[in-house]
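Got the viewer open? Let's walk through this structure one selection at a time.

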Amino acid sequence: MLKRPHHFERFQSAYLFSEIEARKAEFLKKRPEAQLVSLGIGDTKLPLPSVVVEALVRAAAELGTEEGYSGYGRTEGMNLLREALVRRFYPHLSPSEIFISDGAKSDLGRLQMIFGSKCVVAVQDPAYPVYLEGSLFQEVEGLHLLPCLPENHFLPSLPEGIDLLYLCNPNNPTGKALTFEELEAVVRCAEKNRFLIIYDGAYAAYIQDPTRYPSSIYAIEGAERVAIEVNSFSKLAGFTGVRLGWSVIPKALTFSCGGSIWKDFSRFNQLLFNGASNIAQKGGLAVLSDEGYGATQRSIALTMENAALLKAAFERAGYTVYGGKHAPYLWIHTPDIPSWELFQIFLEEKELIVTPGSGYGLSGEHFIRVSAFGKPSTIRSILERIAP
Ligand code: PLP
C-alpha cells in the first residue's frame, strides 16, 4: 500500500488562516450582530478596470468562434505578453528570459522542485510561508531562518555557506522596502558567496518612490548573474482570482557545474506545466497597455491611501507601526502582547480581524499584520474603531 512521504510529518496543518476562521466563527456564535471587518488575508478587493474586463470578455468570446479559437499555447507564454513585460519592467532583458505562469506561488513551487534537496537555503523570518514550507517539502540539506526585526531594519545579515536566498521585496509581511543601497549589498554578497537569490517582487507595484527603492532586482547591475525574479499580476492588477504571473530566468544564470538554469527551467516547465490560461494572458496584455496600466495604478493608489489612513489611525492609538509606505501591509509591533492575544483583543473589542504575526515565523511573535486591501469606504468606516 502507498506510504505517506515522511516529510509530511514535518508540516503543521495549515494553521494560521484556519485558526483565524475558527476564532471568527466562535465569536460570531456569541455575537451574531457583530459588524466584523477583515484586515486579515491579503486579497485584492477592488473591481478590475473596464479596459481589462473588456479584454477578458473579448478573449473568452473569441474562443467561441472558428477563427478565434485557440487551444494549448506555448508553455512559456504568449510572445506578445513577454515582450510587453520586457518593455514595461525589464528593458535590458530579452523576452525569451520571461516565463509566463499561472501565478507566483506555482512558480515558486516549480523552482523548488528544480533545485531539489541538495541545497542550503536561507529564508527571511517572518516570511511568506511558501519559502519555508516548500523548502521543508523538498527536504533541503540546510535551512537558515534569518530574523528580520526592527533592530536590524528588517534586513538580516546573510550567513555564509548558503546556496539559495529567498528575498521578498517589498516584504510580506513586514512591509519593508529595500533601498538601492540595501539591495545592491545583497547582490554583491550573492556574487561573492556564490548563492542564487529567488527574488519575489509580487508587491513591486506598491513602491511609491522608485528613485530610492528599486522595483526589480535587475535595477542592480550584475543581478542577472545571481537572481531569479518571481512576479505576479495578482497584486499588480487584482488578478488573484484570474491567475497570472511570470518569472524572469536570465540566461546568464548557471549551476555550480556551469549548466544553464534557464535551460533546465524551460525543460522542466514543459514537463509539468501547460502554460497559463489564454484568456488570462490577454487580460495581462490589457493590464500592460497604457490605458490598463494607468487604471491599475489608480487602484494601487487607492490601496496605498487606505494604508496611510490605517497607519495614521494605529499610530494615533499608540501603536508602533512599520511598513505601509511602499507595501499594502502594516506590521504592528506590540512588545508586551503576544500576537494571538492582540488578535483576540481586536476581534472582541473592535470587531476587526488582523493576522497574528507569529503565523509568519518565530520572529513575527508580538507583531500583527494589517492588510490595506479593501474598499476605501470600508476602511474609512473603521478608522474610528481603531483610534476612537
Ligand atoms: N509572493 C508573495 C510574497 C505573496 O504575498 C503572494 C500572495 O499573497 C504570492 C507570492 C502569490 O502570488 P500569486 O497569487 O501570483 O500566486
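Start by selecting Ile 98 and Val 248: Val 248, in β8, is the bridge partner of Ile 98. Keep in mind as you click around that this is a predicted model. Now widen the selection to the two strands. β2 and β8 (residues 245-248) run antiparallel to each other and share four bridges.

Next, bring in the rest of the sheet. It is an open one with seven strands and mixed pairing, and the order to trace across it is β2-β8-β7-β6-β5-β3-β4. At the edges you'll find β2 (98-101) and β4 (142-147), each of which pairs on one side only. Tilt the view to look across the strands: from one strand to the next, the twist averages 20°.

Which helix packs on the sheet and touches β2? Select residues 104-115 and you have it: helix α4. Besides β2, α4 touches β5 (164-168), β6 (196-200), β7 (227-232) and β8. Compare directions with β7, and the angle comes to about 150°.

Stay with α4 and pick Phe 115. Phe 115 and Phe 255 make an edge-to-face aromatic pair, with 6.0 Å centre to centre and 70° between the planes. What does this pair link? Distant parts of the chain: Phe 115 belongs to helix α4 and Phe 255 to the loop between β8 and α8 (261-272), 140 residues apart. The aromatic pairs in the model number 23.

**On to the ligand**

Select the ligand and show what is around it. There are 14 surrounding residues, and the closest are Ala 104, Asp 200, Tyr 203, Ser 232 and Ser 234. Three polar contacts deserve a click:

- Ala 104: a polar backbone atom sits 2.7 Å from an oxygen atom of the ligand.
- Asp 200: a polar side-chain atom is 2.6 Å from a ligand nitrogen atom.
- Arg 243: a polar side-chain atom is 2.8 Å from an oxygen atom of the ligand.

How much of the ligand does the protein bury? Taken alone, the ligand exposes 400 Å², and the protein buries 91% of that.

**Now the other sheet**

Jump along to β9, β10, β13 and β12, in that order: these four strands form an open sheet with antiparallel pairing. β9 (320-323) and β12 (355-356) are at the edges with a single partner strand each, so one side of each has no neighbour in the sheet. Zoom in on β12 and β13 (residues 367-371), which pair in the antiparallel sense over two bridges. To see one of the matched positions, select Pro 356, whose bridge partner in β13 is Ile 368. Then add residues 339-350: helix α11 lies across β12 and β13 and runs at about 45° to β13.

**Backbone oddities**

Finish with a few spots in the loops. Most peptide bonds are trans, and most residues other than glycine have a negative phi. Against that background, try these:

- Asp 125 and Pro 126 are joined by a cis peptide bond, with omega about 5°. Look for Pro 126 in the loop between β3 (120-125) and α5 (129-138).
- Asn 169 and Pro 170 are also joined by a cis peptide bond, with omega about -10°. Pro 170 is in the loop between β5 and α6 (180-193).
- Phe 154 is not a glycine, yet its phi is positive, near 60°. You'll find Phe 154 in the loop between β4 and β5.

Conventions: Residues numbered from 1 in each chain as written. Predicted model: local features only at pLDDT ≥ 70, side-chain atom pairs only at ≥ 80, totals over all residues. Heavy atoms only, no water. Pairing = 2+ DSSP bridges. Axes fitted to C-alpha atoms, helices over the stretch in contact; angles between N-to-C directions. Contact = heavy atoms within 4.5 Å. Near = heavy atom within 4 Å. Polar contact = N/O pair within 3.5 Å; in protein donor to acceptor, adjacent residues only side chain to side chain. Areas by Shrake-Rupley, 256 points an atom, 1.4 Å probe, with all protein chains shown as cover. Phe/Tyr/Trp six-rings, centres within 6.5 Å; stacked < 30°, edge-to-face > 60°.
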